[in-house]
Amino acid sequence: MAAAASIFAALTADFREDADSRKVNLGVGAYRTDEGQPWVLPVVRKVEQMIAGDGKLNHEYLPILGLPEFRANASRIALGDDSPAIKENRIGSVQSLGGTGALRIGAEFLRRWYNGTNNTATPVYVSSPTWENHNSVFLDAGFKDIRTYHYWDAAKRGLDLQGLLDDMEKAPEFSIFILHACAHNPTGTDPTPDQWKQIAAVMKRRFLFPFFDSAYQGFASGSLDKDAWAVRYFVSEGFELFCAQSFSKNFGLYNERVGNLTVVGKDADNVQRVLSQMEKIVRTTWSNPPSQGARIVATTLTSPQLFAEWKDNVKTMADRVLLMRSELRSRLESLGTPGTWNHITDQIGMFSFTGLNPKQVEYMIKEKHIYLMASGRINMCGLTTKNLDYVAKSIHEAVTKIQ
Ligand SMILES: Cc1ncc(COP(=O)(O)O)c(C=O)c1O
């Protein structure tokens with residue numbers, strides 16, 4: 001895992017130092033505009049000004065579990081306005097430092113209280129491959145048995161559903177499964193609703209615990225509701241679950257560290273007990289959460305007009321990603337680049353597994369000054385209308401020259 005982080009740092013440093021004017025960074029982990037710049041969402045700018053001008057606000061501590069209107073509304077957009085769990089008052093939330101913080105608080109709680117007390121032997125399953133921090137967060141929370149489940153089928157460049165279901169069938173009962181709610185990082189490949197139904201059926205029968213990681217809601221399809229389908233389906237099926245939300249990507253609030261952990265339980269009493277334990281964990285972890293990001297999100301989500309503006313901003317980002325996908329695919333197809341390229345448009349979200357092998361990646365970096373992960377993962381936002389032709393031609397060269 002440390003290796004993955006240092007490779008990423010090395011890639012970024014190499015890109016920065018590269019003096020070639022054609023250089024392209026497809027390894028970056030954040031959204032970029034068509035000018036290759038970070039984007040402050042217009043709705044965020046507006047709300048920041050409202051907050052700055054609000055003389056009633058101060059810098060007193062927030063409650064340990066966070067800003068109440070942030071927590072409630074963040075969970076509402078994950079679970080949906082008419083969620084049965086919200087109506088039945090059996091959900092709770094913890095404001096967290098980004099999606100990572102939500103994962104960490106959830107992991108810490110599970111290690112302390114799930115499947116016995118301090119049961120560090122409960123297996124935790126992460127997809128193969130996954131966002132590298134999943135492993136480390138659960139290891140650091142004390143879990144000793146981190147396993148992978150089949151996910152990516154390299155040959156077919158798609159989901160290995162059978163492998164995934166087989167792993168779930170074989171997993172010990174009560175194992176924890178980390179599931180990407182949408183826009184799987186790094187493969188950009190999500191199960192279809194029908195496949196999610198199959199996954200849920202096995203998980204229910206085998207008493208497996210779903211821990212959703214929702215870091216890209218709205219980014220995958222441009223629709224908040226569509227991207228939350230899997231989480232909502234599991235809730236409708238009666239699962240108790242956790243859902244870690246990040247507002248880093250869909251609000252562009254990366255450095256404000258704003259996330260939320262939603263707990264869905266069987267009844268209100270259980271949820272309150274879970275929250276009181278989580279409060280203890282937060283107290284010794286960051287004690288109190290920061291307010292700025294939570295205020296921005298809460299203000300936006302509670303105003304119908306700002307909410308509409310935000311959805312529009314999210315759609316702008318999602319649409320740009322979709323456009324870059326179709327433009328890249330059509331260029332590769334018209335160049336006659338060997339292989340099939342439908343996976344570029346089949347995959348969703350910011351990231352794509354191109355299928356380039358490590359030697360081809362090396363060629364792209366050394367000869368073409370196009371930086372991407374050794375796994376062949378690219379960030380679609382690294383593409384712009386200005387560099388698309390160059391990137392497509394370079395991929396074509398890499399694939400035809402290097403096997
Ligand atoms: C799958 C996944 N989960 C969680 C996160 C964490 O996001 P945050 O920066 O909000 O902690 C990321 C960020 O890249 C991610 O890709």
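## A proline in a loop

Pro129 is found in the loop that runs between strand S3 (124-128) and helix H6 (133-140). In this predicted model, the peptide bond leading from Ser128 to Pro129 is cis, with an omega near 0 degrees.

A second bond of this kind joins Asn185 and Pro186, where omega is about 20 degrees. Pro186 has its place in the loop between strand S7 (176-180) and helix H8 (193-205). These bonds deserve a careful look, because most peptide bonds are trans.

## A positive phi and a salt bridge

Asn115 is not a glycine, and yet its phi is positive, at about 60 degrees. For a first-year student the background is that most residues other than glycine have a negative phi. Asn115 is placed in the loop between H5 and S3.

Helix H5 (residues 98-113) also holds Arg111 and Glu108, which are three residues apart and therefore separated by about one helical turn. Arg111 and Glu108 form a salt bridge, in which the closest N and O atoms are 2.5 Å apart. Over the model, the count of salt bridges comes to 22 by the rule that was applied.

## Two domains

The domain assignment of the protein chain gives domain 1, made of residues 7-40 + 318-401, and domain 2, made of residues 68-302. Domain 1 is therefore written as two stretches of the chain, whereas domain 2 is written as one. The centres of the two domains, taken over C-alpha atoms, are separated by 29 Å.

## Where the domains meet

How many residues of domain 1 are in contact with domain 2? There are 17 of them, and they touch 18 residues of domain 2. The area buried between domain 1 and domain 2 is about 1500 Å², and carbon and sulfur atoms give 62% of this area. On the side of domain 1, the residues that lose the most area to domain 2 are Ile348, Phe351 and Phe353, which together account for 36% of what that side buries.

Turning to polar groups, the rule finds zero salt bridges across the interface of domain 1 and domain 2, whereas five residue pairs, with both residues at pLDDT 80 or more, are in polar contact between these domains. Helix H13 (304-335) and strand S11 (351-353) each supply at least two residues of the side of domain 1 that touches domain 2, and the largest share, three residues, comes from S11. Sorted by class, this side of domain 1 has eight nonpolar, eight polar and one charged residues.

## Aromatic pairs

A search of the whole structure finds 26 aromatic pairs. In one pair, the rings of Tyr216 and Phe351 have centres 6.1 Å apart and planes at 90 degrees, so the pair is edge-to-face.

Which parts of the chain does this pair tie together? Tyr216 lies in the loop between strand S8 (209-214) and helix H9 (224-227), while Phe351 lies in strand S11, so the pair links parts that are 135 residues apart in sequence. Phe351 is also one of the residues of domain 1 that lose the most area to domain 2.

Note on methods: Residues are numbered from 1 along each chain as its sequence is written. This is a predicted model: local features need pLDDT of at least 70, side-chain atom pairs count only at pLDDT 80 or more; totals for chains, interfaces and linings use all residues. Side-chain values use heavy atoms; hydrogens and water are left out. Contact means heavy atoms within 4.5 Å. Buried area is the accessible area (1.4 Å probe) that two parts lose on being put together, summed over both. A salt bridge is a side-chain nitrogen of Lys or Arg within 4 Å of a carboxyl oxygen of Asp or Glu. A polar contact is a pair of N or O atoms within 3.5 Å; within protein, one must be able to donate a hydrogen and the other to accept it, and residues adjacent in sequence count only if both atoms are side-chain atoms. Helices (H or I, at least four residues) and strands (E, at least two) are DSSP runs, numbered from the N terminus. Ala, Val, Leu, Ile, Met, Phe, Trp, Tyr, Cys and Pro count as nonpolar, Asp, Glu, Lys and Arg as charged, and the others, Gly among them, as polar. Rings of Phe, Tyr and Trp (its six-membered ring) pair if their centres lie within 6.5 Å; planes under 30 degrees apart count as stacked, over 60 as edge-to-face and the rest as tilted.
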